[in-house]
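Biologist: Could you take me through the ligand surroundings and a set of paired strands, giving the general idea before each case?

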Amino acid sequence: MQPLVDSWGREIKSVRVSVTDKCNFRCRYCMPAEGLEWLGREELLTFEELARVVHVLASMGVDEVRLTGGEPLARRELPKLVSLLAGIEGVADLSLTTNGVLLDRFAGPLVEAGLRRLNVSLDSLSHVRFAEITRRDALDRVLAGLEVAEGYSELRPIKVNCVAIRGFTEEEVPALAELARRKPYVVRFIEFMPLDADERWDGDDVLTGAEIRALIEERWPLVEIPAKASSTARRFRFADGAGEVGFVSPVSEPFCSSCDRIRLTADGQLRTCLFSRREWDLKTPLREGATDGDLAELIRWAIRHKELKHKINDPGFVRASRSMSQIGG
Ligand code: SAM
Ligand code: SF4
């Protein structure tokens, strides 16, 4: 089949698949304390439906699939989905983004099902500050989950993602950099984006990748590692060879011109940008008997409308139609 290319010449190679909008954390930069109104069970795509969409995407050249949410491990049968997706021809890279709180239990079954890459979110190594940011006292569980995951050598790289927020993250940087030096984890700092359900985000809250890099280099010099053109992260190794850190800087250094990603929400809506105001319904045609060819045409049409860039830094920026946990980060 013809590759998936948008109107700006970017080839789509990667899909983030949200399996649920539910979560057992309440991170301040993502969800309100009281949670959100969750989707009904019948609104969620089944694993078979998700696999069908991924199969159609893979036939059009999408080779990277990342499972996310909400908290993807809140869907307890997740290893079944991993096994379905791992068996799809063309899916070369299958990964999972999780808050890690159930990872001690799930790492083994996930690896067995075919998972090969893992991203764990972790914003602080202090119990008090972890609880402050996630509104859950679960640091030990997350660290235990990481330990168990680390025991599976098939699961590499393990990335630890930290949302960088001014006034909070500066204090966390030394311990997180030290974690990257001490453990086989690539620690990545991701700039805070206006996708929090509370709508509190302000441009001044963004602690930039460059600022964090400077903080790390006060103690440990870094050397840049060349990255793929479509990579969202700038990668650096410690000059003394003791590990790697990365910076994902969508606000201060947007990478839209090389964006090769789309997203599928848990209720079967295709999104061509995190900041889209428009979604493309795949669930209805899926449930009304659309053929693979019909779905491919619909997807191709949506991709033709992929946004040129996000407009976070433009005057009059309008927030996305849903928040991060509802889209799938
Ligand atoms: N619950 C899982 C987790 O936290 O890893 C997966 C879903 S979560 C929405 C995916 C990623 O989005 C996490 O790394 C999280 O830190 C990040 N995220 C959430 N809200 C964000 C925001 N407002 N700006 C930047 N990143 C955000
Ligand atoms: Fe849940 Fe992930 Fe959002 Fe935190 S960032 S509230 S863990 S979905």
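**Reading the ligand shells and the strands**

Modeller: Of the 17 residues around ligand 1 (near meaning that a heavy atom lies within 4 Å), Y29, G70, S121, V163 and M193 come nearest. This is a predicted model, in which local features need pLDDT of at least 70 and side-chain atom pairs count only at pLDDT 80 or more, while totals for chains, interfaces and linings use all residues. Residues are numbered from 1 along each chain as its sequence is written, chains are lettered from A and ligands numbered from 1 in the order in which they are written, and side-chain values use heavy atoms, without hydrogens and water.

Biologist: Which polar backbone atoms lie 2.9 Å from a nitrogen atom of ligand 1?

Modeller: A polar contact is a pair of N or O atoms within 3.5 Å; here a polar backbone atom of Y29 lies 2.9 Å from a nitrogen atom of ligand 1, and a polar backbone atom of M193 is also 2.9 Å from a nitrogen atom of this ligand. From E71, a polar side-chain atom lies 3.2 Å from a nitrogen atom of ligand 1.

Biologist: What surrounds ligand 2?

Modeller: The surrounding residues are C23, F25, C27, Y29, C30, G70, N99 and S325.

Biologist: How do strand 8 and strand 9 pair?

Modeller: Two strands pair if DSSP finds at least two bridges between them, strands being DSSP runs of E with at least two residues, numbered from the N terminus. Strand 8 pairs with strand 9 (residues 244-248) in the antiparallel sense over five bridges, and R235 has G246 in strand 9 as its bridge partner.

How values were computed. Polar contact = N/O pair within 3.5 Å; in protein donor to acceptor, adjacent residues only side chain to side chain. Helix = DSSP H or I, 4+ residues; strand = E, 2+ residues; numbered from the N terminus.
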